[in-house]
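Welcome, and thanks for taking a look at this protein with us. Here is a short briefing to read alongside the sequence and the 3D view.

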Amino acid sequence: IINTILGPEDVTIYNIPRKFYGVFTMVLSILSVPFWSAITESIEMNDVRWVKKTTKKYITTVIIMSIVALGTIPFVDVFYSFWIGKDLIIPFSLFLI
């Protein structure tokens, strides 16, 4: 869609922040797979206390990861310069997508 509407250069510009912030999504996904299996098993065993305790821990982890991801915004230009060099400028408006 981006290629069709804006052109191939903008695909690259969009893809860089997507990959950078995709790391946070990937970590949460990796953590959630065993979590949901354990939740299912605990519900079957009627261990509601463990489910509540573990769900609170998971939600806390999600909140912390979100804060860390948001905390990178002021420094994202430094990360991009290190990662891709200073030749490509990523507009700040892409963080809103």
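A helix here is a DSSP run of H or I with at least four residues, and helices are numbered from the N terminus. By that count, Ser 42 lies in helix H2. Please keep in mind that this is a predicted model. The protein has four helices and zero strands, and the points below go from the whole chain to single residues.

**Overall build**

- Following the sequence from start to end, you meet the pattern α-α-α-α.
- The radius of gyration of the protein is 19 Å, whereas a compact globule of 97 residues would have one near 13 Å.
- Along the principal axes, the C-alpha atoms fill a box of roughly 55 × 30 × 20 Å.
- Of the 97 residues in the protein, 24% are buried.
- The accessible surface comes to about 7500 Å², and carbon and sulfur atoms account for 68% of this surface.
- If you take the contacts between residues at least 6 apart in sequence, 67% of them join residues at least 24 apart.

**The nonpolar core**

- Which residues make up the largest nonpolar core? This core has 11 residues: Ile 13, Ile 16, Phe 20, Tyr 21, Phe 24, Leu 28, Met 65, Ala 69, Val 76, Tyr 80 and Ile 90.
- Two or more residues of this core come from each of helix H2 (8-44), helix H3 (48-71) and helix H4 (76-84).
- H2 gives the largest share of the core, with six residues.
- As general background, nonpolar side chains in soluble globular proteins tend to be buried together.

**Nonpolar residues at the surface**

- A nonpolar patch on the surface is formed by Val 23, Met 26, Val 27, Ile 30 and Leu 31, which together have about 420 Å² of accessible area.
- One member of this patch, Val 23, has its place in helix H2. Val 23 counts as partly exposed because its relative accessible area is 41%, and partly exposed covers the range between the 20% and 50% cut-offs.
- Ile 89 is found in the segment after H4. Is Ile 89 buried or exposed? Ile 89 is exposed, because its relative accessible area is 70% and exposed means over 50%.
- Ile 89 and Ile 16 are 73 residues apart in sequence, and their C-alpha atoms are 10 Å apart in space.

**Buried serines in H2**

- Returning to Ser 42, its relative accessibility is 10%, so this residue counts as buried.
- What does Ser 42 touch, not counting residues up to four places away in sequence? Its partners are Asp 47, Trp 50 and Val 51.
- Ser 32 is also found in helix H2. With a relative accessible area of 12%, Ser 32 is buried, since buried means under 20%.
- Ser 32 and Thr 12 are 20 residues apart in sequence, while the distance between them in space is 29 Å from C-alpha to C-alpha.

**Two residues in the loops**

- Asn 46 has its place in the loop between H2 and H3. Asn 46 is not a glycine, yet its phi is positive, at about 60°.
- The relative accessible area of Asn 46 is 62%, so Asn 46 is exposed.
- Thr 72 is found in the loop between H3 and H4. Why does Thr 72 count as buried? Thr 72 counts as buried because its relative accessibility is 9%, which is under the 20% cut-off.
- Leaving aside neighbours within four places in sequence, Thr 72 is in contact with Phe 20, Tyr 21, Phe 24 and Phe 79. Phe 20, Tyr 21 and Phe 24 are among the residues of the largest nonpolar core.

Terms used:
Residues are numbered from 1 along each chain as its sequence is written. This is a predicted model: local features need pLDDT of at least 70, side-chain atom pairs count only at pLDDT 80 or more; totals for chains, interfaces and linings use all residues. Side-chain values use heavy atoms; hydrogens and water are left out. A nonpolar core is a set of buried Ala, Val, Leu, Ile, Met, Phe, Trp, Tyr and Cys residues joined through side-chain atoms within 4.5 Å. Buried means under 20% relative accessible area, exposed over 50%, partly exposed in between (1.4 Å probe, protein chains only). Patches are made of residues with over 30% relative accessible area and no salt bridge: like charges are joined within 9 Å, nonpolar side chains (Val, Leu, Ile, Met, Phe, Trp, Tyr) within 5 Å. Accessible areas come from the Shrake-Rupley method with a 1.4 Å probe; for residues, only the protein chains shown count as cover. A salt bridge is a side-chain nitrogen of Lys or Arg within 4 Å of a carboxyl oxygen of Asp or Glu. The radius of gyration is taken over C-alpha atoms; the globule rule is 2.2 Å times the number of residues to the power 0.38. Contact means heavy atoms within 4.5 Å.
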